[in-house]
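The following exercises are to be worked with the sequence and the predicted model at hand. Each task is followed by a solution in steps.

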Amino acid sequence: MRKLGLLAAALGLTLAACGGATTTTDGDEGATSSGGGRLDVVKSRGQLICGVDGGIPGFSFVDESGTYMGLDVDVCKAVAAAVLGDAEAVEYRRLDSTERFTALSGGEVDVLSRNTTWTISRDTSVGLEFAPTTFFDGQGMLVKTDSGITSLEDFAGKAICVETGTTTELNLTDQMRQLTVDFEPVVFQDADAAYAAYSEGRCEGMTSDKSQLVARRSTLPNPDEHVLLEVTMSKEPLGPVTTNNDSAWFDVVKWTTYGLIQAEEFGITADNVATFEGTDNPDIARFLGQEGTLGTDMGLPNDFMAQVIAQVGNYGEIYERNVGADSEFALERGQNALWTEGGLMYSPPFR
Amino acid sequence: MTSATPDSFSSARPDAISLGPVAWAKKNLFSDWFNSVLTVVIVTTFGSGLFRLVSWALTTAQWGAIPNNFGLFMTGTFPSALYPRIWALLAIVCGLAGLSWGVLGRNVSTLFSRSVLIGLAVVCAFIILFPPTRPSSLKLLPMVALVAVAAAAGRQVARKFPGVGQLLSLAWFLSYFVALWLIGGGLGLTRVSTNDWGGLVLTLFTAVSGIALCFPLGLLLALGRRSALPIVRWLSTGYIELVRGVPLVALLFMGQVMIPLFLPLGSRPDRILRAIIALALFSAAYLAENVRAGLQAVPRGQNEAAASLGLNTPMTLGFIVLPQALKIAIPAIVGQFISLFQDTTLLSIVGLAELLGIGKSILANPTYLGRYAEVYLFLAVIFWFFCYAMSLASRKIEEKLNTDH
């Protein structure tokens, strides 16, 4: 009985110890969302809490030294650099796709940068605010080069591997029904299993988001023997997300994201941003906070974009180093090119 | 063989000694055509499988992902400047484990018997030779030495002061809080947010906490279910049946997603704490049934004998019934602990960077894309090591507590 009492005491102590540790770390977050101004909370905390996935090649992963990297992660860093002047002042919280929205609306994270597709229902009924898209993804189809398949119509009577329970599966069936192509869907619970089946020749095609297909293609035994078809079956605009009813904070995230795109359009990079000191181009001077009050109007330091670009780079640099030419994936810019180069990346004017 | 009479045993013995390997194989593996075919088929199937695995591991496999990320596997995104704290924790655990071993083995004639020495040699050889862990794990050799030294010291001390075992239990109990302090910081150490706990440290921490919490809870539930008081019985039965009818994943999601909705914003418990509670509540229901099976196996006469000696209910329970019941239930209880340890992998789907979760992050690193087999095999070896250690310990405890002769 004595031992039982001891165990019960241990139990109580453990809970108290963990609980105690909790209140100190989470205490300030709690006060945040009730107070309203998330921007002030982030400033007073001195750290941005950013929700990421932590396991998506090119978007968020952990490198050998334990630091988070990727396109989603760089967006977090940009926001931190804008608000706090330090791109490293970020705490990354790994979120599963099911809990990401509750974590955001519950105030556990300040901003969600986790491959989230912008849809009307999420924007309205879930109560989210979608900042500008940082990656235009779309559902694609991976086939073997020697299979002779060049379009979706060629899949009549052939098998396609797909992950079950995703919008990917629904899009595929919708698209094929429209084309009246009678194909055989082979569904898998798990992405790893689906790709393994595809590489073993269980199906002729493998469908998923293009960014995923490209990342996975480099893991197949002979990457050069596989090719992405020139079809896009769905629109998947991915970008950072905040909650409703906090316009000041949403503006910060929104204009920081636009700023990344605008910087690329201006041709300002991490390397050359210092050379624009005292520029005679009034647009750039305003953009970098040398003139006007664009930053201070938003509650940020006036040179917030100069900080972001110096520490993180512009959108083009972020894209190329994480998923583009400078990465393993060598993904074309495509829809993610600037509007001036035939893409969809467009920032409203900074004035 | 066990049922052999002394006569047949003594007559079989000289036979066994004179049997050479060829004769042994002929007797046991090739006694008739059917056994011969079976032997050949099994040996070729397993042999070729093993050969392929070994040749894959030595030639095709690219083990770089593991040594380069060894720190991540062990501690997740724990700041590397604070690694000495983790080493200190490991040293404490190794020292205590060695001492416990010495104290438990105080009556054995030699602590380092040949099989133990072989075991230690295998562990050292594994640390030195296993390619994936080579650079960082050489520091593990002093830890093995520490276990051995502590064991020898513990044995000497225990022979002089037999009461030292009690102190050791207390030391293990306190070491949990020292671990919490070393990992989490505070009280003079730099704080590490639970967000940065990860890898094997997180897996072990959640498993140990879960086990420590679920055992007393399961015990109480089992007693409650057999209680004579109807409300206690109904509540315990209701809880057990409710939790056993819900998958663990559902409980974990409820912990991560629903608990924050019920509580006011300021008092949101830590994610790791939520996960530990969900794990413990889940395992407690299963453990309760294991303990109940043990309780039912204790003959009624034991209760009656205790009552006739004038023992009251708590004494009967504490001194007569529970020791016997728990002894019977040890294999099932340890089985439950092992499954709890493995269930911690589910934490990766609620966003905690335990072993499997950090493995996923490492696999998303473009440098290590497609290294699934290597990473998952490495994780499997780690899990096997700890689960096997647990079942070995349970077998030792069973032997020690065995009173049937």
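**Exercise 1. Determine how far apart the C-alpha centres of domain 1 and domain 2 of chain A lie, and describe the contact between these domains.**

Solution.
1. Take the bounds from the domain assignment: domain 1 of chain A comprises 37-136 + 237-341, and domain 2 of chain A comprises 139-234.
2. The C-alpha centres of these two domains of chain A are separated by 31 Å.
3. Across the boundary, seven residues of domain 1 of chain A touch four residues of domain 2 of chain A.
4. On the domain 1 side of this contact in chain A, five residues are nonpolar, one is polar and one is charged.

**Exercise 2. Describe the secondary structure, burial and contact separation of chain A, then of chain B.**

Solution.
1. Chain A contains 13 helices and 14 strands. Chain B, by contrast, has 18 helices and zero strands.
2. Chain A has 351 residues, of which 45% are buried. In chain B, 31% of the 405 residues count as buried.
3. Consider the contacts with a separation of 6 or more. In chain A, 71% of these are between residues 24 or more positions apart; in chain B the share is 75%.
4. For the extent of chain B, a box along the principal axes that holds the C-alpha atoms is roughly 75 × 70 × 50 Å.

**Exercise 3. Classify the packing of α3(A) against α9(A) and give the character of the contact.**

Solution.
1. Locate the helices in chain A: α3 spans residues 71-84 and α9 spans residues 247-266.
2. Their axes come within 10 Å and cross at roughly 110°. An angle from 65 to 115 degrees counts as roughly perpendicular, and α3(A) and α9(A) are therefore roughly perpendicular to each other.
3. From α3(A), the contact draws on V75(A), A78(A), V79(A), A82(A) and V83(A); from α9(A), it draws on V252(A), V253(A), T256(A), T257(A) and L260(A).
4. By class, the residues of this contact of α3(A) with α9(A) are eight nonpolar and two polar, with no charged residue.

**Exercise 4. Which residues of α8(A) are buried, and what covers them?**

Solution.
1. Helix α8 of chain A runs over residues 210-217, and seven of its eight residues are buried.
2. These buried residues are K210(A), S211(A), Q212(A), V214(A), A215(A), R216(A) and R217(A).
3. The cover over the buried residues of α8(A) includes the strands β7 (135-137), β8 (139-144), β11 (205-209) and β12 (226-228) of chain A, as well as helix α7 (191-199) of chain A.

**Exercise 5. Carry out the packing analysis for α6(B) and α10(B), including the handedness of their crossing.**

Solution.
1. In chain B, α6 covers residues 83-104 and α10 covers residues 164-184; the axes lie 11 Å apart, at an angle of about 165°.
2. Angles over 145 degrees count as roughly antiparallel; α6(B) and α10(B) are therefore roughly antiparallel to each other.
3. The two helices α6(B) and α10(B) cross in a left-handed sense.
4. Residues of α6(B) in the contact include R85(B), L89(B), I92(B), L96(B) and V103(B), while those of α10(B) include V164(B), L168(B), W172(B), V178(B) and L182(B).
5. The contact of α6(B) with α10(B) has 14 nonpolar residues, three polar and one charged.

**Exercise 6. Place G186(B): where is it in chain B, and why is it classed as partly exposed?**

Solution.
1. G186(B) sits in the loop between α10 and α11 of chain B.
2. Within 10 Å, 14 other C-beta atoms are found, so G186(B) is partly exposed.
3. Beyond its neighbours within four places in sequence, G186(B) contacts W181(B) and R191(B).
4. L317(B) lies 131 residues from G186(B) in sequence, and their C-alpha atoms are 41 Å apart in space.

**Exercise 7. Identify the elements against which the buried residues of α17(B) pack, and give the domain assignment of chain B.**

Solution.
1. Helix α17 of chain B (residues 355-363) has eight of its nine residues buried. Among them are L355(B), G357(B), I358(B), K360(B) and L363(B).
2. Within chain B, the buried residues of α17(B) pack against α4 (65-68), α5 (70-75), α11 (199-225) and α18 (372-401). From chain A, β2 (61-62) also packs against these residues of α17(B).
3. The assignment for chain B lists domain 1 (6-60), domain 2 (79-191) and domain 3 (200-405).
4. Between the C-alpha centres of domain 1 of chain B and domain 3 of chain B, the separation is 39 Å.

Notes: Residues numbered from 1 in each chain as written. Chains lettered and ligands numbered in written order. Predicted model: local features only at pLDDT ≥ 70, side-chain atom pairs only at ≥ 80, totals over all residues. Buried ≥ 20, exposed ≤ 12 C-beta atoms within 10 Å, placed from the backbone. Helix = DSSP H or I, 4+ residues; strand = E, 2+ residues; numbered from the N terminus. Contact = placed C-beta atoms within 7 Å. Domains from an automatic or database assignment. Nonpolar A, V, L, I, M, F, W, Y, C, P; charged D, E, K, R; others polar. Axes fitted to C-alpha atoms, helices over the stretch in contact; angles between N-to-C directions. Parallel < 35°, antiparallel > 145°, perpendicular 65-115°, else oblique. Left-handed = near helix turned anticlockwise from the far one by under 90°.
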